[in-house]
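Colleague: I am new to this structure. Could you show me how to read it, feature by feature?

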Amino acid sequence: MSQKKSFKRICVIVLDSVGIGELPDADKFGDRGSHTLGHIIERMPNIKLPHMAALGLGNIAPLGSVAPAASPTGYYGKMAEVSVGKDTMTGHWELMGLKINKPFNTYPNGFPAELISKFEEETGRKVLANKPASGTEILDEFGEEQMRTGAWIVYTSGDSVFQLAAHEDIIPLDELYRACEIARRLTMAPEFSVGRVIARPYVGQPGAFKRTPNRHDYAVKPPEPTVMNAIQESGRDVISVGKINDIFSGEGVTASHSTKSNDDGIQKTIDALDQAFEGLLFTNLVDFDSLYGHRRDPEGYGHALEAFDERLPEIMQRIGQDDLLVITADHGNDPIHAGTDHTREYVPLLVYNPALQHPASLGVRSTYADLAATIAENFDVKPPYHGTSFLQQLQ
């Protein structure tokens, strides 16, 4: 392969929250000792991840039973987050070339009374909860009361999120989405600002509530253009799968496919790879984070990793000599760490193309934005201010 070789298609898959060990500043975030992958594998020593292991997953860091590959089939490394945060938006934005220096507001004591009052007045319904909580526990605590009163359930977390839960039989989805748009507008004010408003519909009866796939995120726009905008302006495609379109508020996205699960996201990624396009295919698989990380379920998390690994060959079979596959993450969410929030960690970096002759280590990258710099160099578009390309290392 020539050093000047470029790829017509780059497929980036974000395994949401699959971190690979604490960052040097993890203690500032209360995350000393966190290691999402390491601790899952400790809990599941018989975990089966043969395809990611073959790419070099076990070569990145000691991972117990996931041993280093003698001859990895992919380039491997890990990337550090330099932005001041560990939330979904900050992580994805840095992957696409930004560095966020001002953290989003969080509300550890709930949202200000003035904001809640305005929200109640505009939506015509009262608010329950208004506190940090896990998405399942808040339904156990307030779901029955919501069914009886028709009030909103508002909650937040360690992230900058205004989450609005509503039973689909009590408050119709279109009303929930309208309320989220109201919350989005109200939280654009600096004194109430949040990164995302999230619709959290659910169904079921007391003791057996279940969230539905009709979640919808309402994010603020990235503060600056990303490499996605540059690719779009070059006339190429930027196809999003999963919540990517929401995270970037559609900025730089030419086509979007929402998903209902990891498996659905994998299938839609495969379907996209079966189509002809030139540019970036950008997938987020959110179940790792939402179903297992936040719920502190290491076994469930491990089984989800096995399910992804099992389908990975279907994706790799569609990566031709003109394509590049990148597997990474946006932050950690160690399922045995204290609390229920994300953890400040390195993220893994696995890079695959069938024509690569000498897969080796890409080392420890100093910022997630190295990925954006690599993508920009590949498509010969304006590079991000942050990040160093590793494109020429791929031989």
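**Reading the model**

Modeller: Start with one residue and its neighbours. Leaving out residues up to four places away in sequence, Thr123 touches Trp152, Ala179 and Ile182. Keep in mind that this is a predicted model.

Colleague: Where does Thr123 lie, and is Thr123 buried or exposed?

Modeller: Thr123 lies in helix H5, which covers residues 113–123. For burial, the cut-off is under 20% relative accessible area. Thr123 has 15%, so Thr123 is buried.

Colleague: Now the whole chain. How many helices and strands does the chain have?

Modeller: There are 13 helices and 14 strands. The radius of gyration is 21 Å, close to the 21 Å that the globule rule gives for 395 residues, so the chain is as compact as a globular protein of that length. The C-alpha trace spans about 65 × 45 × 40 Å along its principal axes.

Colleague: What share of the residues count as buried?

Modeller: Of the 395 residues, 58% count as buried. The exposed surface of the chain is about 15,600 Å², and carbon and sulfur atoms supply 48% of that area.

Colleague: How do I read contacts along the sequence?

Modeller: Take contacts between residues at least 6 apart in sequence. Here 67% of them join residues at least 24 apart.

Colleague: And which charges does the chain carry on its side chains?

Modeller: Count both signs, then compare their centres. The chain has 37 positive and 53 negative side chains. The centres of the two sets lie 2 Å apart.

Colleague: How do I read the cover of a helix?

Modeller: Count its buried residues. Helix H1, residues 36–43, is mostly covered, with 6 of its 8 residues buried. Those are Thr36, Leu37, Gly38, His39, Ile40 and Ile41.

Colleague: What do the buried residues of H1 pack against?

Modeller: They pack against helix H3 (57–60) and against H12.

Colleague: Let us try a charged residue. Where is Arg365, and is Arg365 buried or exposed?

Modeller: Arg365 lies in strand E14, residues 361–365. Its relative accessible area is 9%, so Arg365 is buried.

Colleague: Which residues does Arg365 touch?

Modeller: Beyond four places in sequence, Arg365 touches Lys78, Met79, Ala80, Leu349, Asp370, Thr388, Ser389, Phe390 and Gln393. Look at Thr388 again. Its backbone oxygen lies 3.3 Å from a polar atom of the Arg365 side chain.

Colleague: What about backbone angles?

Modeller: Check the sign of phi, and check whether the residue is a glycine. Ser249 is not a glycine, yet its phi is positive, near 50°. Arg296 is not a glycine either, and has a positive phi of about 50°.

Colleague: Where do Ser249 and Arg296 sit?

Modeller: Ser249 is in the loop between helix H9 (244–247) and strand E10 (255–257). Arg296 is in the loop between helix H11 (287–293) and helix H12 (298–316).

Colleague: Are these two buried or partly exposed?

Modeller: Ser249 has a relative accessible area of 26%, so Ser249 is partly exposed. Arg296 has 17%, so Arg296 is buried.

Colleague: One last loop residue. Where is Gly242, and what does Gly242 touch?

Modeller: Gly242 lies in the loop between strand E9 (237–241) and H9. Gly242 is buried, at 11% relative accessible area. Not counting residues up to four places away, Gly242 touches His257, Ser258, Thr259 and Asn284.

Colleague: How do I compare sequence distance with distance in space?

Modeller: Pick a pair and read both values. Gly242 and Leu362 are 120 residues apart in sequence. From C-alpha to C-alpha, Gly242 and Leu362 are 27 Å apart in space.

Terms used. Residues are numbered from 1 along each chain as its sequence is written. This is a predicted model: local features need pLDDT of at least 70, side-chain atom pairs count only at pLDDT 80 or more; totals for chains, interfaces and linings use all residues. Side-chain values use heavy atoms; hydrogens and water are left out. Helices (H or I, at least four residues) and strands (E, at least two) are DSSP runs, numbered from the N terminus. The radius of gyration is taken over C-alpha atoms; the globule rule is 2.2 Å times the number of residues to the power 0.38. Buried means under 20% relative accessible area, exposed over 50%, partly exposed in between (1.4 Å probe, protein chains only). Contact means heavy atoms within 4.5 Å. Accessible areas come from the Shrake-Rupley method with a 1.4 Å probe; for residues, only the protein chains shown count as cover. Lys and Arg count as positive and Asp and Glu as negative; His and the chain ends are not counted. The place of a charge is taken as NZ of Lys, CZ of Arg, CG of Asp or CD of Glu. A polar contact is a pair of N or O atoms within 3.5 Å; within protein, one must be able to donate a hydrogen and the other to accept it, and residues adjacent in sequence count only if both atoms are side-chain atoms.
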